[in-house]
Amino acid sequence: MKRFLVALIAATVLAGCSAYRLGGPKPAFRSVEVAAIRNSTARTGTHAVLHSKIVEALAGDPRVKVGPGEARLETEVTRYQRDGFTTKTGDAYAFTSYRVSFEVRCTLTTDGGKRVLFKDRTFKSIATLQVSGDPAAEELSLGPTLFGDIASQIREAATTAW
């Protein structure tokens, strides 16, 4: 009786896991081209970092190959914002903390642009910067983190089953 119960449990577990696929459900494409990033903000130098983070995120998915092929991802940095904030009423003109955010708009198409998987979809990332030295250098160091977050959001949206 005990062996029968163990065999039944094992069969149930194996049957339940038979549909599992490493990496999740199959995306709507096998290869994706990441077009050159456009930047419509006053913040320069953002496009190269974002492009490399998107390529890195997509290349990390074993179901997708980065390069010319079935799908095309077009991306534009549409918003950059840095807001100073304070915790004391008397230091409104001497900010030591900032909220930095980037907003990116993407369009993903397949079949030579005939099939739109998403159009003008917005992705956003926000971080807090507490200045302790050179504010400009510290703010630049946030770019890879913010764009890494946005790139993972884009990868998730692009590779989700349609």
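Rings of Phe, Tyr and Trp count as a pair if their centres lie within 6.5 Å. I keep that cut-off at the top of the page, since aromatic pairs are what I wanted to look up. A reminder to myself: this is a predicted model.

**Entry 1: aromatic pairs**

How many aromatic pairs does the structure hold? I find three. I started with Tyr-80 and Phe-102, whose ring centres are 5.1 Å apart with the planes at 45°, so I put this pair down as tilted. The two rings come from distant parts of the chain, Tyr-80 from strand S4 and Phe-102 from strand S5, with their positions 22 residues apart.

Next I checked how covered each partner is. Tyr-80 is partly exposed, at a relative accessible area of 24%, while Phe-102 is buried, at 5%.

Phe-102 has another ring beside it in my list: its centre and that of Phe-147 are 4.6 Å apart, and the planes again make 45°, so this pair is tilted too. Phe-102 sits in strand S5 and Phe-147 in helix H3, so the pair ties together parts 45 residues apart in sequence. Both of these Phe residues are buried. I therefore noted Tyr-80, Phe-102 and Phe-147 together, as one aromatic cluster.

**Entry 2: charges over rings**

Which residue lies over the face of Tyr-98? I see Arg-82 there, 4.5 Å from the ring centre. Likewise, Arg-121 lies over the face of Phe-118, at 5.5 Å from the ring centre.

**Entry 3: the core**

The largest nonpolar core has 31 residues, and I looked up which of them touch the most other members: Ile-54, Leu-73 and Leu-108. Elements giving two or more residues to this core are strands S1 (31-34), S4 (71-85), S5 (97-110) and S6 (115-130), along with helices H2 (46-59) and H3 (135-159). Helix H3 gives the largest share, eight residues.

I then followed Leu-73 outwards, skipping its neighbours within four places in sequence. Its contacts include Val-32, Val-34, Ile-54, Leu-58, Cys-106, Leu-108, Phe-118 and Ile-154. Phe-118 is a nice one to meet again, as the ring under Arg-121.

**Entry 4: the whole chain**

Stepping back, I counted three helices and six strands, and from the N terminus they run α-β-β-α-β-β-β-β-α. What share of the 162 residues is buried? I get 32%. Of the contacts with a separation of 6 or more, 69% are between residues 24 or more positions apart. Last, I noted an accessible surface of about 10100 Å², with 56% of it belonging to carbon and sulfur atoms.

How values were computed. Residues are numbered from 1 along each chain as its sequence is written. This is a predicted model: local features need pLDDT of at least 70, side-chain atom pairs count only at pLDDT 80 or more; totals for chains, interfaces and linings use all residues. Side-chain values use heavy atoms; hydrogens and water are left out. Helices (H or I, at least four residues) and strands (E, at least two) are DSSP runs, numbered from the N terminus. Buried means under 20% relative accessible area, exposed over 50%, partly exposed in between (1.4 Å probe, protein chains only). Contact means heavy atoms within 4.5 Å. Accessible areas come from the Shrake-Rupley method with a 1.4 Å probe; for residues, only the protein chains shown count as cover. A nonpolar core is a set of buried Ala, Val, Leu, Ile, Met, Phe, Trp, Tyr and Cys residues joined through side-chain atoms within 4.5 Å. Rings of Phe, Tyr and Trp (its six-membered ring) pair if their centres lie within 6.5 Å; planes under 30 degrees apart count as stacked, over 60 as edge-to-face and the rest as tilted. A charge sits over a ring if NZ of Lys or CZ of Arg is within 6 Å of the ring centre and within 35 degrees of the ring normal.
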